[in-house]
Amino acid sequence: MRVMALDVGERRIGVAVSDALGITAQGVQTLQRKNDDQAIQALKALAQTYEVGAWVIGLPKNMNNSLGFKSEETKAFADLLSEAHPLPVYWMDERLTTVAATQVLLQADVSRKKRKKKVDQLAAVLILQTWMDSPKGQEVCRGQ
């Protein structure tokens with residue numbers, strides 16, 4: 001089963017998808033989030049194109065592991081997405097994924113302008129790959 005991961009931000013949503021075997025994550029794109037309806041319709045179309053069976057959504061926790069305002073916003077968006085395209089939703093701690101994605105792009109000597117366009121997509125890849133490598137991800141993706 002393919003799974004789609006989202007790094008949901010105020011202005012952009014990074015999107016990644018698993019391969020058919022649920023082993024590797026690939027970046028799909030970074031959506032500009034003009035409004036929730038537009039973003040949800042775009043994600044719904046991508047989910048249908050890639051024939052995904054579940055969402056993995058990055059949950060922005062505080063460094064002390066508590067949930068804050070950003071987490072609540074993300075959960076509200078996930079509720080809207082689930083209403084529009086009902087699939088199981090799995091949560092993955094996304095702390096420091098944007099920092100890690102930025103470091104990877106810096107090490108690859110990607111220009112500042114290109115980094116801005118790719119960082120959310122790469123963060124979604126990191127979220128998805130981490131989830132797929134977890135026991136829950138292996139159970140869902142590979143039936144283990």
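Tutor: Contact here means heavy atoms within 4.5 Å. This is a predicted model, in which local features need pLDDT of at least 70 and side-chain atom pairs count only at pLDDT 80 or more, while totals for chains, interfaces and linings use all residues. Residues are numbered from 1 along each chain as its sequence is written, and side-chain values use heavy atoms, with hydrogens and water left out.

Student: Glad to start! In what order do the elements of the protein run from the N terminus on?

Tutor: The protein has five helices and five strands (DSSP runs, H or I of at least four residues for helices and E of at least two for strands, numbered from the N terminus). Read from the N terminus on, they give β-β-β-α-β-α-β-α-α-α.

Student: Which strands stand at the edges of the sheet?

Tutor: The five strands form an open sheet with mixed pairing, in the order 3-2-1-4-5 (two strands pair if DSSP finds at least two bridges between them). An edge strand has a single partner strand, so one side of it is left without a neighbour in the sheet. That describes strand 3 (25-32) and strand 5 (89-93).

Student: What is the bridge partner of D7 in strand 2?

Tutor: Strand 1 (residues 2-8) and strand 2 (residues 12-18) run antiparallel, joined by five bridges. A hairpin of three residues connects strand 1 to strand 2. Within this pairing A5 is matched with A16, and D7 with G14.

Student: And on the other side, which residue of strand 4 is the bridge partner of M4?

Tutor: Strand 1 pairs with strand 4 (residues 52-59) over five bridges, this time in the parallel sense. In strand 4, the partner of M4 is W55.

Student: How many residues of strand 1 are buried?

Tutor: Across the 144 residues of the protein, 43% count as buried (under 20% relative accessible area with a 1.4 Å probe, protein chains only; over 50% is exposed, and partly exposed lies in between). Strand 1 is mostly covered, and of its seven residues the buried ones number six.

Student: At what angle does helix 2 run to strand 4?

Tutor: Helix 1 (residues 36-50) lies across strands 1, 2, 3 and 4, at about 155° to strand 3. Helix 2 (residues 69-84) lies across strands 1, 2, 4 and 5. Angles run from 0 to 180 degrees between N-to-C directions of lines fitted to C-alpha atoms, for helices over the stretch in contact. For helix 2 and strand 4, the angle is about 165°.

Student: Lastly, which residues of helix 2 does helix 1 meet?

Tutor: The two helix axes come within 10 Å and cross at roughly 50°. From helix 1, the residues D36, A39, I40, L43 and K44 take part. Their counterparts in helix 2 are F77, L80, L81 and A84.
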